[in-house]
Amino acid sequence: MSSGLALRSEPAPIVACTVSSMVHHFGLLIEDMENELGEAWGDLGFDEARDFMGALDEGHLDFIALAVRGEDEADLGRVGEVIRVAREKKIKVILIPENLSTAGLRELLRLGADDFVPYPLAEGALRDAIAKVRQKPEPMPSSDDQATPPQVTAPTTGQRLDGKSAIFAVQNLAGGTGATTLAVNMAWELANIDKKNPPSVCLIDLDLQHGSVATYLDLPRREIVLELLQDVASMDSDGFKQALVGFQDRLSIFTTPGEIVPLDIIGPDEVTALIDLAANSFDIVIVDMPRTIVVWTETVLNRVDMFFTTMELDLRSAQNAMRFIKALRAEGLPLEKIHYVLNRAPGLTDLNGKNRMKKMAESLGVKFATQLPDGGRPVMQAGDNGEPLADAAKKNPLRKEIHKLSDGLFKAMVAETRAKG
Ligand SMILES: Nc1ncnc2c1ncn2[C@@H]1O[C@H](COP(=O)(O)OP(=O)(O)OP(=O)(O)O)[C@@H](O)[C@H]1O
Ligand SMILES: [Mg+2]
């Protein structure tokens, strides 16, 4: 492949460039750029790109594909300079990281890359990223920008009740045991719990890699979410609200970003700031947690009023629960906040199941404060259709139980508010 901008600039006008220390290393990127843009792109080194873009007028280049290898991290400042100049000239930046450390990736995203697609590129990933950045009205703001990009669908909040916000988190102790189903439906039940004076509810999906709240409610994922996660500390309440998506004008959701991001892209400080932002604007905040224990699990546990853990009546759940409880105890964390939820719990007439449940609770030394029945296929179907159970299967036994639980929580909140007032 011929390298250099001059060669590439003929005959098609250049609309984009790859920028890297060694373009030959990124064979798949070259292939994809050719597929997407034909001849209308060039390839530049980091310093070349900085100087070239610096001399351009705005609007002369759509985007750069900034390919950064682990080896480039030693001189990340040079790469940062490229992003800075691109932003100055309103040129979108698609970051293509290969073997970058999380800290390096975070830093480059913080500087204002518009999107990132890890290398080696997955089929169609570059095409999607190009389409996305071309749609964006402006580059994403960095922490020092005053303005935030316009976002659609401002979330609605109910009237603020008088008390302090209630904060709940939901985590599964074994994958697929219904944590997100509980978080989503509890949020929706609470948002509808009082016709006259409904509490305002915000649901935050922190299952950054496998978050399915957006799927279960059929919501778009805001791009600004990734930016916000990088830089929550400097975000104000208005900026936070712009990242939210409304569901039927009654529930506000902070979804996960469109791409998979490392769980440690946020740390305890970011999580605290995010929950604070939500608690400043909403009566009830519900956090859907990732299934793995991360450095900020403790932060959430310390911050919430109640931490719901879902499990089922099987050995996998029992062993995970045992380890979880042991770890919490060893760290001196507030075990009393844990609310154990047994999902797909045995029915009234299942005496054998009841007996096993009792034994499991005894061996863990816990009480299953909530038992959720199996709701059958309609539960999965509601999720697939992007509808909460109250809308899709009102009479479903699982819905009834989640309604009961939410009703109890709301009454307790109101009682507490009155007692304080
Ligand atoms: N009580 C139930 N009755 C019937 N189906 C259920 C029930 N609870 C959960 N499901 C179904 O099980 C699947 C997994 O549920 P969900 O996504 O809520 O679990 P999770 O614990 O959040 O999983 P993940 O580990 O992926 O985060 C979904 O298809 C959901 O519809
Ligand atoms: Mg989940």
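**Exercises: a helix pair, a ligand site and two loops**

In this predicted model, the axes of helix H4 (residues 76-88) and helix H5 (residues 102-111) come within 9 Å and cross at roughly 20°. Axes are lines fitted to C-alpha atoms, for helices over the stretch in contact, and angles run from 0 to 180 degrees between N-to-C directions. Helices (H or I, at least four residues) and strands (E, at least two) are DSSP runs, numbered from the N terminus. Residues are numbered from 1 along each chain as its sequence is written. Local features need pLDDT of at least 70, and side-chain atom pairs count only at pLDDT 80 or more.

**Exercise 1.** Classify the angle between H4 and H5, then list the contact residues.

*Solution.* Step one: angles under 35 degrees count as roughly parallel. H4 and H5 are therefore roughly parallel to each other. Step two: take contact as heavy atoms within 4.5 Å. H4 supplies Leu-76, Val-79, Gly-80, Ile-83 and Arg-87, while H5 supplies Gly-104, Glu-107, Leu-108 and Leu-111.

**Exercise 2.** Find polar contacts of ligand 1 (pairs of N or O atoms within 3.5 Å) with Ala-179, Asn-343 and Arg-344.

*Solution.* Start with the backbone: a polar atom of Ala-179 is 3.0 Å from an oxygen atom of ligand 1. Turn to side chains. Asn-343 places a polar atom 2.8 Å from a ligand nitrogen. For Arg-344, the distance from a polar side-chain atom to a ligand nitrogen is 3.2 Å.

**Exercise 3.** Locate Pro-120 and Lys-90, and describe their backbone.

*Solution.* Pro-120 sits in the loop between strand E5 (115-116) and helix H6 (125-135). The peptide bond from Tyr-119 to Pro-120 is cis, with omega near 5°. Lys-90 lies in the loop between H4 and strand E4 (92-98). Phi of Lys-90 is positive, near 60°, in a residue other than glycine.

Definitions and conventions. Chains are lettered from A and ligands numbered from 1 in the order in which they are written. Side-chain values use heavy atoms; hydrogens and water are left out. Angles under 35 degrees count as roughly parallel, over 145 as roughly antiparallel, 65 to 115 as roughly perpendicular and the rest as oblique. A polar contact is a pair of N or O atoms within 3.5 Å; within protein, one must be able to donate a hydrogen and the other to accept it, and residues adjacent in sequence count only if both atoms are side-chain atoms.
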